[in-house]
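Let's walk through this structure together, strand by strand and contact by contact. Keep the 3D view open as you read.

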Amino acid sequence: MPQYSEHKKLTATELNSLMAMAIQQSFNAIVITDACFNNKGPHILFCNPAFCEMTGYSEEELIGQSPRILQGPETDLTVIQELKDCISNGLFFHNNTINYRKDKTPYAVEWNISPIKTETDEITHFVSVQRDITEKNESLKYQAMLVAAINTTPDTIVITDDQAKIKFMNHAAEELSGYTLADLKDEPITKL
């Protein structure tokens, strides 16, 4: 790795090269589309390897296509309408829904879309940064299921951290103590 004795501003060429490498090597999926809404657009002009890996499509299969090819039966149409409203008004968009890989398997996607504008505020392109949140969503569902199970048991359960501060109380513990979790969260267990 090169060592620099002084910091200097990057030249335009250095910045362009660095940006191209950063986008290509990004952990997050990155897509750039045109801003053309006719002919079933916008159309994908660029996608990085992370996007290809996430969707199962090759770059060649994606270039020129609309990102709509990733939508399917479980895609939330209210989120898609919000997306359309935001980008048609040149606003930043952030949300998540279900998309579909080339092999038709669903995945949960979280994405941010920003308009790219000229100096005269004309929208020419959109850049989207995306990530697959399927595992995160499954983990949250599993956690919710465990909390529901713990809350249905008649046994009292109180969970503390390593400093004996209350982090969780089930409903039975709340009924027995007369306190709610909101009353005692982050308080020492000795409060009980």
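In which sense do strand β1 and β5 pair, and over how many bridges? Strand β1, residues 29-34, pairs with β5 in the antiparallel sense, and six bridges connect them. Before going further, please keep in mind that this is a predicted model. A good place to look along this pairing is A29, which stands opposite Q130 in β5.

From Q130 you can step across to the next strand. W111 stands opposite Q130 in β5, and N95 in turn stands opposite W111 in β4. Behind these residue pairs are two further strand pairings. β4 and strand β5 (residues 123-132) are antiparallel and share nine bridges, while strand β3 (residues 93-100) runs antiparallel to strand β4 (residues 106-117), with eight bridges joining them.

Both of these pairings are hairpins. Between β3 and β4 there are five residues, and K104 in that turn has a positive phi of about 75°. Between β4 and β5 there are five residues as well, and here D121 is the turn residue with a positive phi, about 70°. If you like to check backbone torsions, K104 and D121 are good residues to pick.

Now put the strands together. They belong to an open sheet of five strands in the order β2-β1-β5-β4-β3, with antiparallel pairing. Because β2 (44-47) and β3 stand at the edges with a single partner strand each, one side of each is left without a neighbour in the sheet. From one strand to the next, the twist averages 30°.

A record annotation covers part of this region. UniProt, in an unreviewed entry, lists residues 93-145 as "domain: PAC". Over residues 93-145 the chain is 57% strand and 23% helix, and the C-alpha atoms at the two ends are 31 Å apart.

What about the nonpolar side chains? In soluble globular proteins, nonpolar side chains tend to be buried together. Here the largest nonpolar core has 22 residues, and those touching the most other members are C47, F51, L62, L83, F93, W111 and I113. The elements giving two or more residues to this core are β1, β2, α2 (49-55), α4 (77-88) and β4. Of these, α4 provides the largest share, with five residues. W111 is worth a second look: this residue is among the core members with the most contacts, and it also stands opposite Q130 in β5.

Charged side chains add another set of contacts, with a count of eight salt bridges. One of them joins E110 and R131, whose closest N and O atoms are 2.8 Å apart. E110 lies in strand β4 and R131 in strand β5, so this pair ties together parts that are 21 residues apart in sequence. Are the two partners buried or exposed? E110 has a relative accessible area of 16% and is buried, whereas R131, at 33%, is partly exposed.

So far we have stayed with one part of the chain. The chain is divided into domain 1 (12-133) and domain 2 (153-191). How far apart do the C-alpha centres of domain 1 and domain 2 lie? They lie 45 Å apart.

Moving along to residues 158-160, you meet strand β6, which pairs with strand β7 (residues 166-169) in the antiparallel sense over three bridges. The bridge partner of V158 in β7 is M169. This pairing is a hairpin too, with five residues between the strands, and A164 takes a positive phi near 60°.

Charged residues come together here as well: D161, K167 and D186 are linked in a network of salt bridges. K167 pairs with D161, with the closest N and O atoms 3.9 Å apart; the salt-bridge cut-off is 4 Å. The other link, between D186 and K167, has its closest N and O atoms 2.3 Å apart. D186 lies in the segment after α7 (181-184) and K167 in strand β7, so the pair ties together parts that are 19 residues apart in sequence. As for accessibility, K167 is partly exposed at 32%, D161 is partly exposed at 24%, and D186 is partly exposed at 37%.

How values were computed: Residues numbered from 1 in each chain as written. Predicted model: local features only at pLDDT ≥ 70, side-chain atom pairs only at ≥ 80, totals over all residues. Heavy atoms only, no water. Pairing = 2+ DSSP bridges. Helix = DSSP H or I, 4+ residues; strand = E, 2+ residues; numbered from the N terminus. Domains from an automatic or database assignment. UniProt positions renumbered as here; feature names shortened; annotations may be inferred. Axes fitted to C-alpha atoms, helices over the stretch in contact; angles between N-to-C directions. Buried < 20%, exposed > 50% of the residue type's maximum accessible area, 1.4 Å probe, protein only. Core = buried A, V, L, I, M, F, W, Y, C linked by side-chain atoms within 4.5 Å.
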